[in-house]
Amino acid sequence: MNTSGLDPSGVSTTALPGALRTMLDDATRLAAHAQPLATHGRLLRAAGLVLEASGLRLPVGAICRVESGLDGEQAVEAEVVGFGADRLFLMPTGQVTGLSPGSRVSPIDAPVRPPKLGQASHPWRRSTDRMRHLPIGTGLLGRVVDACGVPIDRGPLLDEVRNEPIQSRPISAMDREPVRVPLDTGVRAINALLTVGRGQRLGLFAGAGVGKSVLLGMMARFTAADVIVVGLIGERGREVKEFIEDILGEDGRRRSVVVAAPADCPPLLRMQGANYATAIAEHFRDQGLHVLLLMDSLTRYAMAAREIALAIGEPPATKGYPPSVFAKLPLLVERAGNGRDGHGSITAFYTVLAEGDDQTDPIADAARSFLDGHFVLTRALAEGGHYPAIDIEQSISRVMHNVATEGHVAMARRAKAMWSRYQRSRDLISVGAYVPGNDPETDQSIALFPRIARMLQQSMNERSPLGESLRGLEGALGAAQA
């Protein structure tokens, strides 16, 4: 504020009439808080999935609006995914039909309010945070939203939410509490032989049509968690409504948030949907709640990242996947886990699509390296009517020894050993070539196998608490031994 009694030109304002002096003081104050003019660029090229623009200097991740026509009636949002020399590479979040060379490209800024007349305040500056902000809060519970936070469940507008960034908020490894508390998933095979800990990150490896969506729905309804966040990323659009109505159910939906970015979404929105679901889970974890994050699927997220990387010119490496894809996967997964000092947790299950049931797929290999365990669903079990089709030989929970008692771990190892012994001798047994009494371990596995197989099977509407699962395991082993 001007306290010298002089206007900007050096003329004294004390001798001016009161109304004119007030007007000059207000004009001086507004001039001190003047905002720079917004800049914009022009669209130069549209090739495939990428738009190229000039005239702007923006960071990677900034959001822009590309307008075409005199009144900007044709517009699409786009995100900066790279740059080269004086050009920005943009990835649109919608259809680019109608855009033409020279279309206006403007950064989307946070709104700037001018200072009020007659009040001293600090200058308002244009926000430098140009990243994506989406609605997050308790108002999302029970709702289904798309990758941009827009409700798609025909419900009312979102309430009790506020726009927050969806980028990663890393927690130091030394600030995280270790996984020490078992988590009841309600699934007998997992509770008994592959016990999960609160804050663990696991992969669900499966081919198409072996029941991974049904297993996700069972965990969403039966897991002992305060909030369920479901990310349906890159899957068929038909499956979204089916998962919500038929698999998740009314009870599961009340404490759930569903983020849907089906296969027909642009790759940028598919990646955004995964980050948005994770950001919602982080929000509830920071409130001290225990969150179950279910993401279907991590493979579709990787495929979207591959599409973007290849479109901007990154060379392919392992089976067509550029190196940046393998860098993005752990960045997404590491956001889950226990919170600081044990306040809140995110237990995450990521489905990994094994193309043609190939467990050596590069995404599957990479996921195994940074996840805390993996459950493998096999087609052979599914075709034999064994549901959930979890192959306990190929599956592992890397924290089970931290969350289960020694007796429980010993029983689980015994059950897996008997299952494996029977599977290795299955051909001999089926053709009658095995003579009972030749191998005591094989004899015992033959007696145990039917009971273990029945114990591991469970219908999608049946819940098996952790204690009941342990008694079922003990009964299957003890009864057969008797």
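Visitor: How do the residues of the lining of the largest pocket divide into nonpolar, polar and charged?
Guide: The lining has 17 nonpolar, six polar and 10 charged residues. Nonpolar covers Ala, Val, Leu, Ile, Met, Phe, Trp, Tyr, Cys and Pro, charged covers Asp, Glu, Lys and Arg, and the others, Gly among them, are polar. This is a predicted model, in which local features need pLDDT of at least 70, side-chain atom pairs count only at pLDDT 80 or more, and totals for chains, interfaces and linings use all residues. Residues are numbered from 1 along each chain as its sequence is written, and side-chain values use heavy atoms, without hydrogens or water.

Visitor: How do you know how much space lies in the largest pocket?
Guide: About 840 Å³ lies there. The volume is the space filled by probe spheres set on grid points, which are joined across faces, edges and corners. A pocket is an open set of points on a 1 Å grid over the protein atoms alone, where a 1.4 Å probe fits, with protein on both sides within 12 Å along at least five of seven lines; lining residues have an atom within 4 Å of a point. Among the 33 lining residues, Glu79, Met271, Asn275, Tyr301 and Lys328 are closest to the centre.

Visitor: Which element gives the most to that lining?
Guide: α5, with six residues. Helices (DSSP runs of H or I, at least four residues) and strands (E, at least two) are numbered from the N terminus. β4 (74-84), α5 (267-286), α6 (298-311) and α7 (323-333) each supply at least two lining residues.

Visitor: What makes the reach of α6 close to the expected one?
Guide: The expected span is 1.5 Å times one less than the number of residues. α6 has 14 residues and reaches 20 Å from its first C-alpha to its last, against 20 Å expected, so the two are close.

Visitor: Which residues of α6 are called buried?
Guide: Leu298, Thr299, Tyr301, Ala302, Met303, Ala304, Ala305, Ile308 and Ala309. Each is called buried because its relative accessible area is under 20% (1.4 Å probe, protein chains only).

Visitor: Why are the 57 residues that include Leu193 and Trp419 called a nonpolar core?
Guide: They are called a core because they are buried Ala, Val, Leu, Ile, Met, Phe, Trp, Tyr or Cys residues joined through side-chain atoms within 4.5 Å. Phe375 is one of those with the most contacts inside this core. Leaving aside neighbours within four places in sequence, Phe375 is in contact (heavy atoms within 4.5 Å) with residues including Ile190, Phe205, Phe349 and Ile396. A second, separate core of 55 residues includes Ala304 and Ala305, two of the buried residues of α6.

Key:
Buried means under 20% relative accessible area, exposed over 50%, partly exposed in between (1.4 Å probe, protein chains only).
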